[in-house]
Amino acid sequence: MSSIKLRYDVDGSDFISCGKASEDVKRTLKSIGMPSDVIRKVSIAMYEGEVNMVIHAEGGVAEVEIFEDRIAIDLIDTGKGIADVEKAMQEGYSTATDAIRELGFGAGMGLPNMKKYSDDMQIDSIVGQGTTVHLVFNV
C-alpha cells in the first residue's frame, strides 16, 4: 500500500470549525480499517494540536500521512513560537488569555496530551516565526 496524504488548513479565527480536520482523519482511518485504539490516539492528539493552533498561532496547516505501519502528522504554524518548550510541556501550564479560558480552552493540557497519545513527538519552534509539531503513531 502506498501512503495516503491529507492536508488541512486550520482557521485560526474559528473555534466552531476547530476539530474538523481531526474528525476527517478519524473517518479516513476508520474507512481503511485502522485499529480503534490507534484511531483514538490520533484523534485526541490531532484535536489538541488544532486547538493549540487556533488559540496560540492564528491557525496553521495539518499534514497527515498514513502508512500501513504508522501515521505521521505535522502541525505547522507561523505563530509567535514557543519561548520555553520544556515549560510548555508541563501539565497545566498555559499562555492562553482569560477570554480563551472562558470559552473552555487553554487548560494547559494540549502538548502533554499530544505527547501522551503519540509514540513519538518532536517540537521545533522559533520565537517570532512559528512552531512545527511532528507526531508519529505506530500501528
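At what angle do the axes of helix 2 and helix 5 cross? Select both and look along them: the axes come within 9 Å and cross at roughly 155°. That makes helix 2 roughly antiparallel to helix 5, since angles over 145 degrees get that label. One caution before going on: what you have open is a predicted model.

**Stop 1: helix 2 against helix 5**

Keep the pair on screen and check the hand of the crossing, which is left-handed. Now show side chains. On the helix 2 side, pick Arg-40, Lys-41, Ile-44, Ala-45, Glu-48, Gly-49 and Asn-52; they meet Gly-110, Leu-111, Asn-113, Met-114 and Tyr-117 in helix 5. Colour this contact by class and you should get 5 nonpolar, 4 polar and 3 charged residues.

**Stop 2: helix 5 by itself**

Is helix 5 mostly covered or mostly open? Mostly covered: 6 of its 8 residues are buried. To see them, select Gly-110, Leu-111, Pro-112, Asn-113, Met-114 and Tyr-117. Then bring the surroundings back, because helix 2 is just one of the partners that these buried residues pack against. Strand 3, helix 3 (85-88), strand 4 and strand 5 are also on that list.

**Stop 3: the other side trip from helix 2**

Hide helix 5 and bring up helix 1 (residues 20-31) next to helix 2 (residues 36-57). Here the axes come within 8 Å and cross at roughly 165°, so this pair is roughly antiparallel too. The hand is right-handed this time, whereas helix 2 and helix 5 make a left-handed crossing.

For the side chains, select Lys-20, Ala-21, Ser-22, Val-25, Lys-26, Leu-29 and Lys-30 in helix 1. What they meet in helix 2 is Ile-39, Val-42, Ser-43, Met-46, Tyr-47 and Glu-50. By class, the contact of helix 1 with helix 2 has 7 nonpolar, 2 polar and 4 charged residues.

If you are wondering about the spacing of the numbers in lists like these, an α-helix has 3.6 residues a turn, so residues three or four places apart point the same way.

**Stop 4: into the core**

Which residues touch the most other members of the largest nonpolar core? Select Val-64, Ile-71, Ile-73 and Leu-135; the core they belong to has 34 residues. Several elements give two or more residues to this core, among them strand 1 (4-11), strand 2 (59-66), strand 3 (70-77), strand 4 (120-126) and strand 5 (130-138). Helix 1, helix 2 and helix 5 (110-117) are on the same list, and helix 2 gives the most, with 9 residues.

Now centre on Ile-71 and expand the selection to its contacts. Setting aside residues up to four places away in sequence, Ile-71 touches Leu-29, Met-34, Val-38, Val-42, Val-64, Glu-65, Ile-66, Leu-135, Val-136, Phe-137 and Val-139. Two of those names, Leu-29 and Val-42, should ring a bell from the contact of helix 1 with helix 2.

**Stop 5: two residues in the strands**

Move along to Asn-138, which sits in strand 5. Asn-138 is partly exposed, with a relative accessible area of 46%. Try a distance label here: Asn-138 and Val-38 are 100 residues apart in sequence, yet 7.7 Å apart in space, C-alpha to C-alpha. Beyond residues up to four places away, Asn-138 touches Val-38, Asp-69, Arg-70 and Asp-119.

Then jump to Asp-124 in strand 4. Asp-124 is exposed, at 52% relative accessible area. Its C-alpha is separated by 8.3 Å from that of His-134, 10 residues apart along the chain. With neighbours within four places left aside, Asp-124 is in contact with Gly-130, Thr-131 and Thr-132.

**Stop 6: two loop residues to finish**

Find Gly-92 in the loop between helix 3 and helix 4 (98-102). Gly-92 is partly exposed, with a relative accessible area of 44%. Add Gly-108 to the selection: the two C-alpha atoms are separated by 4.1 Å, though the residues are 16 apart along the chain. Not counting residues up to four places away, Gly-92 touches Ala-107, Gly-108 and Met-109.

Last pick: Glu-58, in the loop between helix 2 and strand 2. Check the backbone torsion, since phi of Glu-58 is near 55°, a positive value in a residue other than glycine. Glu-58 is exposed, with a relative accessible area of 73%.

Notes: Residues are numbered from 1 along each chain as its sequence is written. This is a predicted model: local features need pLDDT of at least 70, side-chain atom pairs count only at pLDDT 80 or more; totals for chains, interfaces and linings use all residues. Side-chain values use heavy atoms; hydrogens and water are left out. Axes are lines fitted to C-alpha atoms, for helices over the stretch in contact, and angles run from 0 to 180 degrees between N-to-C directions. Helices (H or I, at least four residues) and strands (E, at least two) are DSSP runs, numbered from the N terminus. Angles under 35 degrees count as roughly parallel, over 145 as roughly antiparallel, 65 to 115 as roughly perpendicular and the rest as oblique. A crossing is left-handed if the near helix is turned anticlockwise from the far one by less than a right angle, and right-handed if clockwise. Contact means heavy atoms within 4.5 Å. Ala, Val, Leu, Ile, Met, Phe, Trp, Tyr, Cys and Pro count as nonpolar, Asp, Glu, Lys and Arg as charged, and the others, Gly among them, as polar. A nonpolar core is a set of buried Ala, Val, Leu, Ile, Met, Phe, Trp, Tyr and Cys residues joined through side-chain atoms within 4.5 Å. Buried means under 20% relative accessible area, exposed over 50%, partly exposed in between (1.4 Å probe, protein chains only).
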